[in-house]
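Colleague: Could you take one residue of this model and walk me through its surroundings, then set it against the chain as a whole? I'd enjoy a close look.

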Amino acid sequence: MKTLYITVFALLFITTGAIAQQQVDIFSISYTYNPKVGLMEPPGPDLDAADLDVSEFDVKLFLPLQLKNGSTTIINSLEWSFINTFFNQLPADYSFEADLHAIQYTLGLNQQFNEKWGMTLLAKPTLASNFKDGVSGDDFFMQGSAVLHRKINERLRIGAGAAYTNGFGEPKLVPLLNLRYRTEKLDLNATLPVKIRATYTAGRLMLGLNAGLEGNQYNLQLDERDLPAIEKVDAVKFSRYNIGPVLGYTIPGAGRLELSAGLSLKRTFKVVDASNEEINFDLDNGLFVKTGFYFGK
């Protein structure tokens with residue numbers, strides 16, 4: 001595993017010099033907080049009054065490399081995300097420690113066949129676990145996507161394809177529809193049903209709207225003394241949609257700060273026990289606040 005990490009970082013940093021002139025976010029760090037809410041359908045009467053909060057932390061490095069032919073771009077991305085869950089806030093019979101980590105490396109190819117048509121292929125090997133006892137084979141998931149896209153004009157590109165993703169909390173094959181419309185000030189980027197981002201830039205200020213899906217299936221490694229009284233816990237399935245306005249401010253030569261807030265919807269938290277049965281700890285819809293720093297444009 002140590003050799004794998006060294007190889008991944010080497011591939012990423014070899015490409016750094018090749019993207020200096022590209023307008024992309026090559027590094028980002030963000031923090032999201034979800035204030036306390038209750039459970040949507042408490043699995044027991046002693047959980048009716050539960051009042052629970054969740055926080056998320058994410059760091060991402062994105063390094064594309066355009067080849068000399070001008071029509072081929074190699075995509076490299078490394079992301080670490082952390083979810084501070086609420087399971088340790090539950091009553092004793094249900095309580096257990098579940099700090100969830102995901103390490104995702106994306107290797108992709110964007111190939112332009114001609115002036116109009118192109119294709120993007122992405123492979124995303126993922127490790128998702130609490131990593132309490134290191135890394136095991138059960139922590140590994142393979143995700144990926146393929147999208148065929150067509151350039152309509154200088155501003156508009158559309159595409160369609162499919163993804164095998166954990167974004168809904170478990171591995172699932174879903175169709176994708178992509179739309180990208182970009183002018184000097186307006187940028188609309190939609191990949192349905194995963195995300196929509198529309199922004200308008202005026203000088204250093206950026207105003208926009210974000211709607212995005214995040215999720216994963218996490219393998220858990222728990223000591224016997226850490227297990228809840230309910231059942232042996234093997235995994236947690238998590239997903240949610242966040243939607244709300246976003247405000248950004250560009251600091252010349254330093255990057256961009258963003259602040260967003262809004263609604264967090266369809267917040268899935270399902271505990272999977274040793275017999276593969278699911279116990280529902282889905283949260284009520286609630287609010288979120290997110291801050292982020294982005295470097296690269």
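**Asn219 and its setting**

Modeller: Gladly! Asn219 lies in strand β11 (strands are DSSP runs of E, at least two residues; helices of H or I, at least four; both numbered from the N terminus). This is a predicted model, so local features need pLDDT (confidence per residue, 0 to 100) of at least 70 and side-chain atom pairs 80 or more, while totals for chains, interfaces and linings use all residues. Numbering runs from 1 along each chain as its sequence is written, and side-chain values use heavy atoms, without hydrogens or water.

With a relative accessibility of 13%, Asn219 is buried (under 20%; exposed is over 50%, partly exposed in between; 1.4 Å probe, protein chains only). Its side chain makes a polar contact with the side chain of Asp139 at 2.7 Å (N or O atoms within 3.5 Å, one able to donate a hydrogen, the other to accept it; sequence-adjacent residues count only if both atoms are side-chain atoms). Asp139 is also among the residues in contact with Asn219 beyond four places in sequence (heavy atoms within 4.5 Å). The others in that set are Ala128, Ser129, Asn130, Ser136 and Asp138, plus Asp234 and Ala235.

Now the wider chain. One helix and 15 strands make up its secondary structure, and 41% of its 297 residues are buried. Of the contacts with a separation of 6 or more, 58% join residues 24 or more positions apart.

You may like the charged pairs too: the structure has eleven salt bridges (Lys or Arg side-chain nitrogen within 4 Å of an Asp or Glu carboxyl oxygen). One of them pairs Glu258 with Arg197 at 2.8 Å, N to O. It ties together distant parts of the chain, 61 residues apart, with Glu258 in strand β13 (residues 255–273) and Arg197 in strand β10 (residues 195–202). Glu258 is buried at 9%, whereas Arg197 is partly exposed at 27%. Through shared partners, salt bridges join Asp25, Arg197, Arg256 and Glu258 into one network.

Asp187 and Arg182 form another salt bridge, at 3.9 Å, N to O; Asp187 is buried at 14% and Arg182 partly exposed at 34%. Glu154 and Lys151 pair at 3.1 Å, N to O, with Glu154 exposed at 67% and Lys151 partly exposed at 24%.

As for confidence, the chain's mean pLDDT is 89, and 89% of its residues reach 70 or more. Over residues 1–22, however, pLDDT stays under 50. Where pLDDT is low, the predicted coordinates should not be read in detail.
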